[in-house]
Every structure is written in C-alpha cells, then in structure tokens.
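Got a minute to walk through this model together? Have a look at the sequence and the fold, and then we'll take some questions in turn.

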Amino acid sequence: MSNKNEAPKLSIVPPSSLKQPLDAAQRLQPVDETPGAGAHYAHLCGPEDAEGKVPVSGRLIIASNLLPWELSLGKGGEWKLEPRKGNTALHSSFQHLSSKHSHWETILVGWTGKVQPILKPKPPVTSSPIGGLKSPLKSPMVNAQPQSPRPVTLSTVPKPGVLRRTTTFFSQGGNRPDTETQKITAEDQDVVERMLVDSNITPGGFGKAIPVWMGDGEDGGQMELTVGQDWERWGMLSQKVLWPLLHYILPTPTDGESEQQWWRDYRRYNIAFADKIMQIYKPGDIVWVHDYQLLLVPELLRQRTGAEMYIGLFLHTPFPSSEIVRCLSRRKEILEGMLGANLIGFQSISYLQHFLSSCTRILGYASTPNGVKTYGSHCAVGVFPIGIDVAKLEASASHPGIEEKMKVIKEMYAGKKIIVGRDRLDSVRGVMQKLRAFEAFLEMYVEWREKVVLIQVTSPAISESKGIEHKVNELVGHINGTYGSLEFTPVQHYPQYLGPDEYLALLRVADIGLITSVRDGMNTTSLEYVVCQKDTHGPVIVSEFTGTASSLTDAIQVNPWDTKGVAKTIDYCLRLPKDKKQAIHTKLYKHVTTNTVQAWNCNLLKMLIDTLSTSQERSVTPVLDRRLLLNAYKAVKGNKRLLMFDYDGTLTPIVRDPDAAIPTDKVIRTIKKLAADPGNEVWIISGRDQEFLAKWMGHIPELGLSAEHGCFMRHPHSTEWVNLTESTDMSWQQKIMDIFGLYTDRTPGTIIERKKCAITWHYRKADHDFAAIQVKECQELLESTIAKEYDLEVMPGKCNLEIRPKFINKGEIAKQLIEGYRNKDGQKVFVLCAGDDTTDEDMFRSLRESPLPRSEFFTVHIGPSSKHTMADYHLSEPADLIESIGLLVGTVNPVDLGIVPPATEGSGQKEELAAAA
C-alpha cells in the first residue's frame, strides 16, 4: 500500500468509445460563449448576502444520494468516471453553484453507488420501437460518429458549456491479482478521494466532491467493498417503502423482519453521510440535504452540533396526506429527522400543507403556514418549484445534429400530428393512463385516425412496478393492432434512454407534449418541451397531479383518470388556432425562462439565510450519558439516592385514551426492583389522581406517590394519602366544569377529567387542527376571567388543558424531597429526575436552584432533543428511560448498550464526574 501522505500518480488513459446513448441534457455542459447564458447566473444569493444577518463561512456542503458520476474499476487499478443518467435539473443546480458565477465554495457529498468493472465495449444496437415499424430514431452511434471528448488533463479542463459526454480515466498504476472477486482496497478509495477533491480533474463542472463508501458487510463497514457487487441493501427502504408511499402507493403487508433490516440499513446509510459531513464541516458552513434517501441526516447533524449548524432540506418528491404518512411504521423517526433542518423546501404548496398536517396529527406539534414548532424550536418551510437550465437547453436544442434528425422525423411522419411523451415505467407516471386516453381519442375522433402518432419514450422504473412493462407493451400492441395498418403505426414505444439529439429533436417537432402522471414531483419534461417549442408553440398537456401543475398554471391541465376528458383535450389542442397557441406559449415560456434552476438555487439559499437570521437560537439537549449515570449511581452508598419520575409520557407513552395508559409488566418489575434497594427512595410525581396511581402502582410498598401535581402525597411504606390543599377554596371548580362542558359539546373527541384539586380537558382523540382553535379560545377565556378571580393557573399540556391553584406544582414537592438529601455530612448523593411535560420543568428548576452540586443530579427530558427545557439531558421515549433504569438495577447488561463497566474507586471517576459538571 502506498504512503497516504504522497499524492498518487494519476495516468490519463484515452477513453474508449461510448457504449450507451444518454438522455437529454446529460451530454451538455454550459459554455460561457452561449448568448445570454450569463443572464441566468447573475443574481445567485452568495455569502455576501448573509453579512449582518448570520455568520457564514462561504462554504456550501451539498448532500446528495448519489455522486453525479458512475465509477468503474479495471483489473489494472484504473478508474473510470462517466456522467450518471437522470436528475438533469439537480445536476444543473450543482454545476451552477460550482460555476464562476457563484461565490460559494461547494463540496458535494454523495454515495458512489455500485462500482462497475471496466468491460470491453459492446457493439451499438439500433433503437427500434415496440409494436411498430423500424424508426428513424437510432443511437447516435449508428447514424453519425459522436464527438469524442478530449482526454481530461489539468491543461484541458472542459469549460462549463454546451452539453458533452465526458469520460475520464485515471489510474494508480500496477496490476492486481486476477481473482473472481475484485476488492476495492483502501488505496483504491484514496485515489478516488484525492481525485474528486480536485475540481480541475473531475468532468462536468461539479466542483469538489467527497465520496461516501458503503460496504456490504454485516456491519456496513468498508472491508467488504467489491467491484460489481450490487449494494441494493442501502436503498431498499427508500425504493420499496419511502418512494412508493410518497407517491401514494401503500406498502404491502410483510412479516416485519425485512422492513426492520431495511430500516437499520437506512439509518446506517444516513449515519455514514452525517459522519462524512462532520469530517469536513467547519463553523459557518451551510449544509444542503437533498431528497428522501437522506431524511434522517438533518437531525443526526443537529444532535452532534446543536444550534450552530445551518441545515436546509429539499424534498424533490411529493409529500402525501397525513393519512398516508400514518401507514409508515417509522413515521415519527422520519418526521423528526426532517425537522432537524432549519428550512424544508417542497415542490408545491399542497406538499407543504400535507407535511405540516402530518407533524400536527402524528407528532402533535403546533404548526403555522410558515413552519413547525417543535417544543420551542422552529423549523421553517417553503415552496420552491425547481426549474431547468434554460441557457444550456437552448444551446443544446440548436446543436447542428438536431436539425438533421428533425428533418428525418418530419419526413417519416409527413402530414401527421406528433404527440410526444417521456416517462419512467413506474405506475405513478401514468403511461397506462396516457395510452388509454390515446386509444379513446382514436375511437372517439375517427377523422384523426392515421393522422396522429404518439411517440412514447420510457426509461427503467425507480421503484418496482410489478407487471407495468408487460401491460404497457400489451396495450401498445392492442392499439396498433386495432387502429394501425401496414403503412402506419399509431403508437411508437421506445423502452430505453434516448440520445440527447434524438430527444431534443422530438421535443422540437412535436405538436403536443403529453404528461399524464398520476402522482409526481416536478416533471421537467414539460419545462423542456416549452423551451424547445419557442418557435412552433406546440401546447403542453399536464396532469393536475404533478408538482409542475401548481407552477405551470397557464398550461392545459387534465385529470389523467378521466380517460375521455384527456381524449377531448387532445382533440382540443390539435384544433387550437395559431394565435391561441402562441398566446398560451408566451406565458409559459416567460415562466420557465424566469424560474430557472439558477433562480431556484438563489431563492432557497436566500430564504435559508433569512430564516437563520430571524429564528431564535435553537437549543439542543444532549442525550443522557448512560455510562456517566451508571458510574454516579454506583458511587453513592447508603440511603443517599433519590429518584423522581413523572408518569404519562415518562414511564408510559402518551396514548389517545388517558385510561389506557397502563404500565407494562416490564415497567412495574423495573420500578419495583429499583424501589426495593434500601439505598433508594423512589417517587412517582404525576398529574394523575390518587385512585389511578394507587390502582396501578400502589402495590409497591417502597414506592412514594404524589398525585395531582403535588396536591396529595403517599409516603413509602404507607397507605394513607396526605391532602396538602385541605384548607383551599375549591368553589371555582363548578364554574370551570361549565366552561369545559361548553367546549366539549362543540369539540367531538374531547373529555373532561375532574380531579380533587384540578380539572383537565383532554383532546387527544379530537381533530388536532379544530381542537387547537378551540383550546386557544378556551384558554384565553379562562385566563381573562376565572383564573384571575381565584388565582388559578391555566396549563396547556400534551393534548390537554389543565387548570389548578397556582401554589400547586411538582416543583414544590421536588423541593421538599431534595431538602432531605442535602449533602450535610460530606457524603455524595445521587438524584435522578425525569419528565416530559411543561409541568415537569418545575422539578428541573428546583434541582437547578438547589445547593446540590451539578455532578450529583441528573435531570432528563423525555422527548425530542430540540425542545427548550431546563433538563440537562434527554431520552427519546419512555422505553429508553426504562432501559436506563434497568441498567442501574442490573436487569440490562452495560455491554449490550456499548457501555464500559462502571469505574472503581480511584480510577479517575471523580475527575470524570467533575469534568461532566
């Protein structure tokens, strides 16, 4: 293995002939000489726009699922980079941010994907449509010799310009053993990493790049990296669960084990990205995360850096209704992961609204049209429809080879109208709906038969769509057999990637562009069609279910499920007079050329900077250090340990029916064992009434109970309840019952819980949006009337509104208990306090204000790390707290949690606790 301190010697090998045609815009790179190209780059929001608003470093770290190149490795150690197909608009965004028009220093972080072996080139094949006659659309390798790109060296770096296919070879030299399985060694990885950080060598104008390597070992490590191995495991959850669900396709029931493994791999994949970003992150950097494969990255980064990191997330897919999101088994983790960002961008307003609704209905977070309130923090949201690189596309569409192909197509279909569609073979792309509509069109309008041809180009599906390819081919054959003849075939289907010249020629000669997606993000084909039709003004028909529909409001929109309606629209467009077509196209062209991918970059970065400058400082509570907790617990001997726990949301999860919050057998056994230790005094301090606590926890004699936020106490080894509010005037309760009764009648799903010292109105089962309005109105009424008259406190909680006397709170009970544990004799004490709600903050505050050293007490908030809290630590859910208690009492093995056994006396434990304090 070579010395890593030495730069590897890269030998440039002339590229071989290209094996496959590309789809449109992949062979294009923007040239500075293109007329008007600079106009699309002029107003990019740069670091200078953040001056006086937020301190930025000028660096932009972009996290994308895949690098924009496909990597191949030869037996001799030579690497080859080729442009990756698809994601044209996203790649144009990367190129723009890395261009001379940008003031950002960009670093692209992406997975390498499957590393292919370098094989001998295969002979080119003719592209023939299915179900029709031989077409003039052939691979550019057949019709003409493509322009061979120059070998990329430091002195011949391609300028950003007109799209050209670029293939780069580089080698570390030397031969490797001719084994069946070709390993990707650490030295191989080092060569790629050193090359990708040099933007003068990498093709495409994408700037610096950092690869994420994912092995296929059991632990996801890099020891199992091999050439040609398909690492599908890292995309299984994304492709089989997330992508279908985001497009309204519900998952099929499974045994659950496969999905559990997919989730573990998805989390490891996101952790690998977070690790790679943290390796290069500097304070002031902006991190921009792209799409559904990386939805956990924002929260993973937030947990490591706190409020200081600036994070933006953009979702390129649709976001479905909350009723669909609820079907996702890991819905909470996915939503929490997204909310780690400062700003989340969506393609359309409806997707944004669905996201806000999901956060409210699933997580219980309050939301506004501008964002989500995550327990004190705020995650902003915005709508940013992505555009295309118009200058690049116009330059490519005027390429000399385009005119020749246009001429051939026109001659082939002389006197006929051409309808063009390009889609992936996913069920949501609406290819079947398009073919059904075209069939209905031919049936309904006899005069158009043999006068209109549909040219449909399809590429492989992202997610598995069972039987869709067979159904499409079958329907194409049926239409051609019914309405075709020996001289004419009405449907020309191309199940392949078309070369750029062919694709752009099709867009230019077409009379109609037809997009019938039943669910889609931003369909850029419609945008490319508008640009290519600037001279002929052919209308574009767009499905109302695409993200494009909300921005292309002047386009002719259809419901793809209305087969006859689409057929009528095709007829309407074919009969449109020239002046009407020109008027429609003028509006569309203005929109597309104004809302380009460059404008998209600018708008999103500008809003992110504005959000950062106006948002309050985001406080992130660190996760509980269980090793430190265990060491502190073991260090205290004798009756010097006090443990105080809330009940709902702390020992048991929050449930829709308050009466159903019953402790599990595991919870009871764990608490019972903890309380049985003579050195421990354990209390449950809850808002629950005496009857509930006595019923479910009262059988543990060593356990202390405090009901109704401290109104009643039952000491350990006692069965008597002490009423601390016996002399308090409770005449206010009937007035509160009357008001709560009024709001209960008007808000279905709400109930009233009357306690001896407090009254709670629960709305867990109600519609959250409607209940939020009622709760706000009720709270304002109470605070302005009865609360003032009787010195009451109105306390909003988790899906409830409680009213009680002001002098009653958990903090007073905690203060009394802590007083008995003050360090009066010089011995250490140990205090653990855990809660999840606003009422528990009083306990945390009492501990902070107590004379106890910070190293002797642990305050833990149960819930998201982003909530503003007085607690020093957080755990995500009640199960984590029970596991931590099990660690203290010995029912959980520290090794299983990756915790080193507790330190012994004199082993530096003192110093560790002091440092933690």
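Q: Across which strands does helix α16 lie, and at what angle does the helix run to β19?
A: First, a heads-up: this is a predicted model, where local features need pLDDT of at least 70, side-chain atom pairs count only at pLDDT 80 or more, and totals for chains, interfaces and linings use all residues. Residues are numbered from 1 along each chain as its sequence is written, and side-chain values use heavy atoms, with hydrogens and water left out. Helices (H or I, at least four residues) and strands (E, at least two) are DSSP runs, numbered from the N terminus, and angles run from 0 to 180 degrees between N-to-C directions of lines fitted to C-alpha atoms, for helices over the stretch in contact (heavy atoms within 4.5 Å). Helix α16 (residues 563-574) lies across β14, β15, β17, β18 and β19, and its angle to β19 is about 165 degrees.

Q: Which strands stand at the edges of the sheet with the order β16-β15-β14-β17-β18-β19?
A: This open sheet has 6 strands with parallel pairing, where two strands pair if DSSP finds at least two bridges between them. Pairing on one side only marks the edge strands, which are β16 (491-495) and β19 (556-558).

Q: Which residue in β16 stands opposite Thr458?
A: Strand β15 (residues 452-459) runs parallel to β16, and 5 bridges join them. Opposite Thr458 in β16 stands Pro495.

Q: Why do β24 and β31 each have one side left without a neighbour in the sheet?
A: These strands belong to an open sheet of 8 strands with mixed pairing, in the order β24-β23-β22-β21-β20-β29-β30-β31. β24 (722-723) and β31 (873-875) stand at the edges, so each has a single partner strand.

Q: Which strands does helix α21 touch?
A: Helix α21 (residues 690-697) packs on the sheet, and its direction makes about 155 degrees with that of β22. The strands it touches are β21, β22 (703-707) and β23 (712-714).

Q: How many charged residues are in the lining of the largest cavity?
A: A cavity is a set of points on a 1 Å grid over the protein atoms alone where a 1.4 Å probe fits but cannot get out, and lining residues have an atom within 4 Å of a point. The largest one holds about 290 Å³ of space, a volume being the space filled by probe spheres set on the points. Of its 25 lining residues, the closest to its centre are Asp648, Gly687, His709, Asn800 and Asp837. By class there are 4 nonpolar and 8 polar residues, and the charged ones (Asp, Glu, Lys and Arg) number 13.

Q: Is the pair of Trp69 and Phe206 stacked or edge-to-face?
A: Rings of Phe, Tyr and Trp (its six-membered ring) pair if their centres lie within 6.5 Å, with planes under 30 degrees apart counted as stacked, over 60 as edge-to-face and the rest as tilted. The count comes to 19 aromatic pairs. For Trp69 and Phe206 the centres are 5.6 Å apart and the planes at 85 degrees, so the pair is edge-to-face.

Technical notes
1 Å grid on protein atoms, 1.4 Å probe; cavity = no way out; pocket = protein on both sides within 12 Å on 5 of 7 lines; lining within 4 Å.
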